Amino acid sequence: MTEDDHLRQQRIKKRDALRALGVDPYGGRFADVRSTADVRRESSALTIEPGQRSSLTARVAGRIALLRLMGKLAFLTIRDGAGTLQLGISQADVGDQWSVVKELDLGDIIGGDGVVGRTKTGELTLWCSRLTVLAKSLRPPPEKWHGLTDVDLRYRRRYVDLFTNPEVREVFRQRSAIIQAIRERLVREGYYEVETPVLQPIYGGAAARPFTTHHNTLDMDLYLRISPELYLKRLLVGGMERVFEISRNFRNEGISTKHNPEFSMIELYEAYADYEVMMHRTEQMVAAAYEASARQAIPKRTVAIEEECARLAKEKGESAADAYAAEQHLSAYRTAREGIAAGRLQAVFHGKILDFTPPWPRRKYADLLREYASVEIHDHDAVRKKARQLGIEDVGKDPAVLVNEVFEATVEHHLVQPQFVHDYPAAICPLTRRHPDDPSLALRFEAFAAAMELGNAYTELNDPAVQEENFSRKVAGEQDETMAVMDEDFLIALEYGMPPAGGLGVGIDRLVMLLTDSHSIRDVILFPLQRPSAGHPS
């Protein structure tokens, strides 16, 4: 029997002992609970001397994070979604319930009713007159409540990661606030939020490999959407002139710190607009997201890092490298905090300061290619030579595909500060209107930050004849799974007339990464896809 098995068996015995005492170890409704933060806030307005109790009563609930039995006294620290609070339990106060206290463990979820006071050492404490068991934990939490440190296990058992690591919960609180802020901003701009099919008979709207499924009753193959684009454009045809969808999308591709096969995106379309308007919309949405997250979080995070640096300075045995890394981290956060005070939209990501203050720089694709790859976008021989130097396979590839691979290899890692890169090669943009001054270019931009693509936007193509031609054309060198899939119904829709429009897609997960200083996309997705493991089943 392993140590974990032994501990579990001990907890099962305590669960059974609670039942023998007539206590339901899994509780029930527990109404009128106050958050620990509310109790602390209300207590701060009172003068409570050490060793004294006030007249303030409260009911709280949370998971036991610390447990000390001291003769006829017990002190429990509970943790809820807002923070922690110490509960004091005296045998004299709870009477027959004292036997229940002896059956509690770290990780149990309990409720307490009592009066707020302070211990002799001044610790704010809820002195309980009644204790309620709400859920007996049969598995011990990670040792000393320091949280899960095994990265793989953190993602597989996110539920444990969340209740042991408050900073993880804070990331997902910010994620919720970011999505809500974007939604509210777009609604104020006159957009309608809509829903389009996740199961699609024809996939389209992006260059990606789909997941395939089968509908038994209709005996037909369907695809999990790779993008909602073609359905949202149908709504433009129908007269819904400003629409957006916060959608889950699925692409049957690799997994990395920047990619998850299932991801969230906000996609929007605006009639009578173009990609210039979409640049403005991107800045608006990111600014709204920033105000809802980083502006409040960075000052608090700075204080936490200052405390961590102070701890490292006092404790012996910490490596100089750890102390140096903490100081560098603190320096970046202090700089961002100063930027916020000066009215800038500055965030910290992997130790770098990112400035999201609009307007963002606009850079032409061809200019960046010239600057970092030393080739001209239309000089196909030079591009091919550069590709060979970079070890990029050039045989049988369309020049537009090859130049984009060179761009990705030589330019994108330089795009650290938030910026727009516009006017991409038209051949790789089949859903985009072409540039009036150079038909070989498309009116498309990508938004970059921290060398990651954050968003993609077009001046939308609304000519059905050109769209049909683009769907029919196979661009040499692209994968088989591309945007060049014939969607006859979409072409019919275009023939009814789609107004000129701008369209934009922004990756929610990557935006949350940037604004919460998260190192991997899996840190901002509650349940990311994991490879099956014998030790840690998915």
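This tour moves through a predicted model, from a barrel of strands to a series of salt bridges.

**The barrel**

Begin by selecting strands β1 to β5, which form a closed barrel. Followed around the barrel, the strands come in the order β1-β2-β3-β5-β4, and their pairing is mixed. From one strand to the next, the twist averages 55 degrees.

Next, restrict the selection to residues 53-70 and 109-118, that is, strands β1 and β4. These two strands run antiparallel to each other and are paired over 8 bridges. Within this pairing, display glycine 62 and isoleucine 110; the glycine stands opposite the isoleucine, which belongs to β4.

Now add residues 36-43, helix α2, which packs on the sheet. Helix α2 touches β1, β2 (73-80), β3 (83-90), β4 and β5 (124-135). Viewed against β3, the direction of the helix makes an angle of about 80 degrees.

**The salt bridges**

Turn then to the charged side chains. How many salt bridges does a search of the whole structure find? The search finds 37, and three of these stops follow.

Select arginine 158 and aspartate 161 first. Their closest N and O atoms are 2.8 Å apart, and the two residues form a salt bridge. Both residues lie in helix α6 (residues 158-164); because they are 3 residues apart there, about one helical turn separates them. Are arginine 158 and aspartate 161 buried or exposed? Both are buried.

Move on to arginine 242 and glutamate 270, whose side chains meet in a salt bridge with an N to O distance of 3.1 Å. The arginine is in strand β10 (residues 242-250) and the glutamate in strand β11 (residues 262-271), so this salt bridge ties together parts 28 residues apart in sequence. The two partners can also be compared by accessibility: arginine 242, at 28% relative accessibility, is partly exposed, whereas glutamate 270 is buried, at 5%.

Now select arginine 388 and aspartate 394. A salt bridge joins them, with 3.0 Å between the closest N and O atoms. Aspartate 394 is buried, its relative accessibility being 8%, while arginine 388 is exposed, at 55%.

**The network**

Finally, return to Arg242 and Glu270 and add Arg185, Glu189 and Arg281 to the selection. Salt bridges with shared partners link these five residues into one network. The salt bridge between strands β10 and β11 can thus be viewed together with the other members of that network.

Technical notes. Residues are numbered from 1 along each chain as its sequence is written. This is a predicted model: local features need pLDDT of at least 70, side-chain atom pairs count only at pLDDT 80 or more; totals for chains, interfaces and linings use all residues. Side-chain values use heavy atoms; hydrogens and water are left out. Two strands pair if DSSP finds at least two bridges between them. Helices (H or I, at least four residues) and strands (E, at least two) are DSSP runs, numbered from the N terminus. Axes are lines fitted to C-alpha atoms, for helices over the stretch in contact, and angles run from 0 to 180 degrees between N-to-C directions. Contact means heavy atoms within 4.5 Å. A salt bridge is a side-chain nitrogen of Lys or Arg within 4 Å of a carboxyl oxygen of Asp or Glu. Buried means under 20% relative accessible area, exposed over 50%, partly exposed in between (1.4 Å probe, protein chains only).
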